[in-house]
Amino acid sequence: MGLAVFGTVLTHVTTDRVVETLRSKGVPAGEARDAARSVAEVNQWVFYGMAVALGPAFICSLFHPGTRVTSTPAS
């Protein structure tokens, strides 16, 4: 859930700031919005990749013994 919220906020903030920056450099509004959407789409794919990678990592963490003692040490 946190990754989804973070991704959404990041996408909106990035889009707004890219548009503002390009507009301040004299780029027309339509072109600035198109460029900002392109940047946001790249970020979106990165978050999709992270979500896919986190799924198996979570499954592995469920089966990891952690600090449980699984055998006694040899003396």
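This dialogue reads a pocket, a salt bridge and a surface patch in a predicted model.

Reader: How do I read empty space, and what is the volume of the largest pocket?

Author: Rolling a probe the size of a water molecule over the atoms shows where empty space is left. In this model, the largest pocket holds about 170 Å³ of space.

Reader: Which residues line the largest pocket?

Author: The lining is made up of L3, A4, G7, T8, T11, Q44, F47, Y48 and A51. Helix 1 (2-24) and helix 2 each supply at least two of the lining residues. Helix 1 gives the most, with five residues.

Reader: What is the chemical character of the lining of the largest pocket?

Author: Five of the lining residues are nonpolar and four are polar. None is charged.

Reader: Now the charges. How many salt bridges does a search of the whole structure find?

Author: A salt bridge needs a side-chain nitrogen of Lys or Arg within 4 Å of a carboxyl oxygen of Asp or Glu. The search finds one. The side chains of R37 and D34 meet at 3.1 Å, N to O.

Reader: Where do R37 and D34 sit relative to each other in helix 2?

Author: They are three residues apart, so about one helical turn separates R37 and D34.

Reader: How exposed are the two partners, R37 and D34?

Author: R37 is partly exposed, at 45% relative accessible area. D34 is partly exposed too, at 43%.

Reader: Which residues form a nonpolar patch on the surface?

Author: F58, I59, L62 and F63 do. Together they have about 470 Å² of accessible area. F58 belongs to helix 2 (residues 29-63).

Technical notes. Residues numbered from 1 in each chain as written. Predicted model: local features only at pLDDT ≥ 70, side-chain atom pairs only at ≥ 80, totals over all residues. Heavy atoms only, no water. Patch = residues over 30% accessible without salt bridge, like charges linked within 9 Å, V, L, I, M, F, W, Y side chains within 5 Å. Areas by Shrake-Rupley, 256 points an atom, 1.4 Å probe, with all protein chains shown as cover. Helix = DSSP H or I, 4+ residues; strand = E, 2+ residues; numbered from the N terminus. Buried < 20%, exposed > 50% of the residue type's maximum accessible area, 1.4 Å probe, protein only. 1 Å grid on protein atoms, 1.4 Å probe; cavity = no way out; pocket = protein on both sides within 12 Å on 5 of 7 lines; lining within 4 Å. Points joined across faces, edges and corners; volume = space filled by probe spheres on them. Nonpolar A, V, L, I, M, F, W, Y, C, P; charged D, E, K, R; others polar.
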